[in-house]
Amino acid sequence: MYINFSSYLISWYNENKRELPWRESRDPYVIWLSEIILQQTRVAQGLPYFYRFLEKYPNLTSLAEASESDVLRMWQGLGYYSRARNMLICAQTVSQEFNGIFPADYLQLRKLPGIGPYTAAAIASIAFKIAVPVIDGNVLRVMARYLAIEQDVRSPDAQNIIQKHLQEFIDPLAPNLFNQALMELGALICKPGTPDCIHCPLQLECAGFRKGIAANLPIKSRKTPKRHRFFHYFVFDCDGDIFLKKRVAGDIWQGMYDFLLVELTNEKEIPDVRQFSKQIPVNDLTLKFESDWYKHILTHQHILIKFHVYDLPLKASDVLPEGEGLKLYSNKELEALPKPVPIVRFLKEFFIN
Ligand code: SF4
């Protein structure tokens, strides 16, 4: 049983793989960059970011010397911004502690900031041909079906079974091809929903297919319920210039720029601009308009956002204390700042020409 897994898989991959730029490379920097960008991101969405990053930061040293603000600005729109921050810290660590060269060792890779088991295995196998299996969502799905695992695929038990089989199946001479092939099979053939078993190179040995249960696998226990949040942004417009502040640690969008924020617990609650009286001379304010709700959905959060735009006379802004990181930015300056997607959408609609 399972004797032909690796050879069938790699032959299929060689004939059917998509041509993707990082597949031409064995450079650990290029592989690492692509893997970080593609986490939680579709290839079509990640591809332009990959090209832009590689053009601006062609090697690890150039990225290590970049500012966090520049990296976040380049990352803008991709989401999961901790990836970008960790990417920069990782580049700095490799630059300082490993002379700018990624270590050819799975355990050392694992210790680097932002590099989990998946990314370490991808770099180790693809760049250095070390036989460590990668396990991502695609691989879990293929293996749960192939082995007909009828328990929660995220349970330690299921993960151990999968890990053990992968360790046995991986081709020690071509772990790079094996890992990429398995992920590609999950992306193109053994897809979420209904798998395309007719065109699958593993069909003959696939237990899920034989039992007729493949489409019901993998089994996943109920996900954590989404958290609902209600953001009210106060936008103070001083003749085209706008107040923004940098978000601090402890919540989403750390290091990016947004407006003064009041978070409420439901859609009906109404915020009061007077709560900013210490930062803004509220008597000088004129409400210009309020936006409709903007919807922003993250993996575990569902955020409704409303913008309240006030005119603030220039003379009032002159005496403003720039407290809590609040600063006035011109149209041109704010374009260069890293901002969360809903802020970008709002600014495009109402402020940036
Ligand atoms: Fe997935 Fe079907 Fe292939 Fe089995 S035969 S691995 S279920 S595509």
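The following exercises, each with a worked solution, concern the predicted model shown above.

Residues are numbered from 1 along each chain as its sequence is written, and side-chain values use heavy atoms, with hydrogens and water left out. In this predicted model, local features need pLDDT of at least 70 and side-chain atom pairs count only at pLDDT 80 or more, while totals for chains, interfaces and linings use all residues.

**Exercise 1. Overall description**

State how many helices and strands the protein has, and what share of its residues is buried.

Solution. Step 1: the protein has 15 helices and eight strands; these are DSSP runs numbered from the N terminus, with H or I over at least four residues for helices and E over at least two for strands. Step 2: of the 353 residues, 50% are buried, where buried means under 20% relative accessible area, exposed over 50%, and partly exposed in between (1.4 Å probe, protein chains only). Step 3: along the principal axes, the C-alpha atoms fill a box of roughly 80 × 50 × 35 Å.

**Exercise 2. The ligand shell**

Identify the residues around the ligand and sort them by class.

Solution. Step 1: a residue is near a molecule if one of its heavy atoms lies within 4 Å of it. The residues around the ligand are Arg 145, Ile 189, Cys 190, Pro 195, Cys 197, Cys 200, Gln 203, Cys 206, Phe 209 and Ala 214. Step 2: Ala, Val, Leu, Ile, Met, Phe, Trp, Tyr, Cys and Pro count as nonpolar, Asp, Glu, Lys and Arg as charged, and the others, Gly among them, as polar. The shell therefore divides into eight nonpolar, one polar and one charged residues.

**Exercise 3. Aromatic pairs**

Classify the ring pair of Trp 32 and Phe 102, and locate both residues in the chain.

Solution. Step 1: rings of Phe, Tyr and Trp (its six-membered ring) pair if their centres lie within 6.5 Å; planes under 30 degrees apart count as stacked, over 60 as edge-to-face and the rest as tilted. The structure holds 25 aromatic pairs. Step 2: for Trp 32 and Phe 102 the centres are 5.2 Å apart and the planes stand at 50°, so this pair is tilted. Step 3: the pair links distant parts of the chain, with Trp 32 in helix α2 (residues 28-38) and Phe 102, 70 residues apart from it, in the loop between α6 (82-97) and α7 (106-110). Step 4: Trp 32 is buried at a relative accessible area of 0%, and Phe 102 is buried at 4%.

Classify the pair of Phe 53 and Tyr 57 likewise.

Solution. With centres 6.0 Å apart and planes at 45°, the pair is tilted. Phe 53 is buried at 0% relative accessibility, as is Tyr 57 at 5%.

**Exercise 4. Backbone features**

Locate the cis peptide bond, and describe Ala 148 and Trp 253.

Solution. Step 1: the cis bond joins Leu 217 and Pro 218, with omega about 0°; Pro 218 lies in the loop between α12 and β1 (227-238). Step 2: Ala 148 is not a glycine, yet its phi is positive, at about 50°. Ala 148 lies in the loop between α9 (137-146) and α10 (156-169) and is buried at 9% relative accessibility. Step 3: Trp 253 likewise has a positive phi, near 65°. Its place is the loop between β2 (241-246) and β3 (257-258), where Trp 253 is buried with a relative accessible area of 5%. Step 4: ring pairs link Trp 253 into a cluster whose members include Phe 231, Tyr 233 and Phe 259.
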